[in-house]
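Reader: I am new to this structure and would be grateful for a close look at a single part of it. Please describe how its helices pack against one another.

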Amino acid sequence: MRILIAGAGGFIGCQLAKHYLDQGHDVVGVDNLVTGDRKNIDWLAGNSRFSFLEQDIIQPFTVAGPVNLVCDLACPASPVDFAPLSIEIMRVCSEGVRNMLELARSKQAVFLHTSTSEVYGDPEVHPQREDYWGHVNPIGARAVYDEGKRYAEAIIMAYHRKYQMPVRLVRIFNTYGPRMRLDDGRVVTNFICQALQGKDITLHGDGSQTRSFCYVDDQVDGLARLAQSDYCGPVNIGNPCEITVRQLAQEVIELIGAKSRITSKAMPPDDPKVRRPDIGLAQKVLGWNPKVDRIEGLRKTIDYCRTVLNIGK
């Protein structure tokens with residue numbers, strides 16, 4: 001197969017590209033590198049079956065030759081990006097998604113889009129199933145991402161209904177692992193970097209809010225399984241093992257052997273209080289279950305962060 005991956009410079013996008021390259025497929029990576037990392041592209045560039053196009057998908061474009069699968073992972077997804085890249089996020093979720101849909105349609109390719117658990121907002125239903133419509137503040141600080149992704153899902157399903165396009169929609173829950181941006185504002189990298197540098201670990205609120213963390217290898221496996229399926233509705237891919245953010249901080253401190261204290265600051269607006277996927281659909285349709293234990297995944301992520309920060313054990 002020949003596969004185009006938009007967002008190939010990102011944390012998950014580059015590892016999805018590596019997955020397909022390891023299987024012997026040809027991969028065209030696309031990224032404007034606003035939040036993607038050039039090192040992730042360099043990591044892939046040694047493979048002769050990989051090519052890269054530096055391109056903003058907000059602008060229409062095409063590639064020569066056949067494409068069998070278009071994977072759209074191109075969107076700033078970190079909370080620290082929501083304010084400075086607010087308009088860019090809205091445009092990539094609207095104009096960008098439409099351009100990718102048109103590219104897939106012109107190539108008669110399967111279209112895979114990574115949506116997000118953020119479409120559920122601060123949920124009133126727990127755990128979150130795909131038939132839950134969500135509880136989102138449409139004008140809040142997080143709305144550019146939450147509503148942008150909800151719009152993207154709507155236009156993708158419109159293309160599916162109007163043109164009978166083969167589409168695949170995955171709702172990604174909190175994913176972590178090597179090649180994350182260390183400055184992305186997410187709790188896993190925040191806590192690990194703070195502990196490695198001997199700083200206090202900072203929680204929002206008292207840390208009682210919950211999250212469910214999925215290791216990147218499991219996430220990539222879920223994406224690939226969905227791409228191979230014929231299921232067109234949204235599918236949750238995430239680890240249903242739910243913990244408090246405070247527990248995560250304590251685990252990071254223990255694994256690193258840090259002397260960090262746990263401190264707190266105010267909760268950001270509209271921050272979800274709970275987050276856990278119901279993965280029954282993924283189990284039934286894809287035969288998918290997460291395999292990597294959280295402590296094992298955290299160890300691998302800590303080792304990666306040590307290397308980037310040049311901090312020995």
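Author: The following account treats the helix H7 and its two packing partners, and then turns to another helix pair and a pocket. The model is a predicted one.

Helix H7 spans residues 245-256, and helix H9 spans residues 294-309. The axes of H7 and H9 lie 11 Å apart, and the two helices pack at an angle of about 60°. Because of that angle, H7 counts as oblique to H9. The crossing of this pair is right-handed. On the side of H7, the contact is formed by Gln-247, Leu-248, Glu-251, Leu-255 and Ile-256. H9 contributes Arg-294, Ile-295, Leu-298, Arg-299, Ile-302 and Arg-306. Sorted by class, the contact of H7 with H9 comprises 6 nonpolar, 1 polar and 4 charged residues.

H7 also meets helix H5, which covers residues 187-196. Here the axes come within 10 Å and cross at roughly 40°. The crossing of H5 and H7 is right-handed. From H5, the residues in contact are Val-187, Val-188, Phe-191, Ile-192, Ala-195 and Leu-196. From H7, they are Val-245, Leu-248, Ala-249, Val-252 and Ile-256. The contact of H5 with H7 holds 11 nonpolar residues, with no polar and no charged ones. Leu-248 and Ile-256 of H7 take part in the contact with H5 and in the contact with H9.

Another pair consists of helix H1, residues 11-22, and helix H6, residues 216-228. Their axes cross at roughly 65° and come within 10 Å. H1 passes H6 in a right-handed crossing. Phe-11, Ile-12, Gln-15, Leu-16, His-19 and Tyr-20 of H1 make this contact together with residues of H6, including Val-216, Asp-217, Gln-219 and Val-220. Also on H6, Leu-223, Ala-224 and Ala-227 belong to the contact. By class, the contact of H1 with H6 divides into 9 nonpolar, 3 polar and 1 charged residues.

A pocket completes the account. The second largest pocket has a volume of about 180 Å³. Its lining includes Val-119, Tyr-120, Glu-130, Tyr-132 and Trp-133. Arg-150, Glu-153, Ala-154, Arg-171 and Pro-234 also line this pocket. Helix H4, residues 143-163, gives the most to the lining, with 3 residues. The lining of the second largest pocket has 6 nonpolar and 4 charged residues, and no polar ones.

Key:
Residues numbered from 1 in each chain as written. Predicted model: local features only at pLDDT ≥ 70, side-chain atom pairs only at ≥ 80, totals over all residues. Heavy atoms only, no water. 1 Å grid on protein atoms, 1.4 Å probe; cavity = no way out; pocket = protein on both sides within 12 Å on 5 of 7 lines; lining within 4 Å. Points joined across faces, edges and corners; volume = space filled by probe spheres on them. Helix = DSSP H or I, 4+ residues; strand = E, 2+ residues; numbered from the N terminus. Nonpolar A, V, L, I, M, F, W, Y, C, P; charged D, E, K, R; others polar. Axes fitted to C-alpha atoms, helices over the stretch in contact; angles between N-to-C directions. Parallel < 35°, antiparallel > 145°, perpendicular 65-115°, else oblique. Left-handed = near helix turned anticlockwise from the far one by under 90°. Contact = heavy atoms within 4.5 Å.
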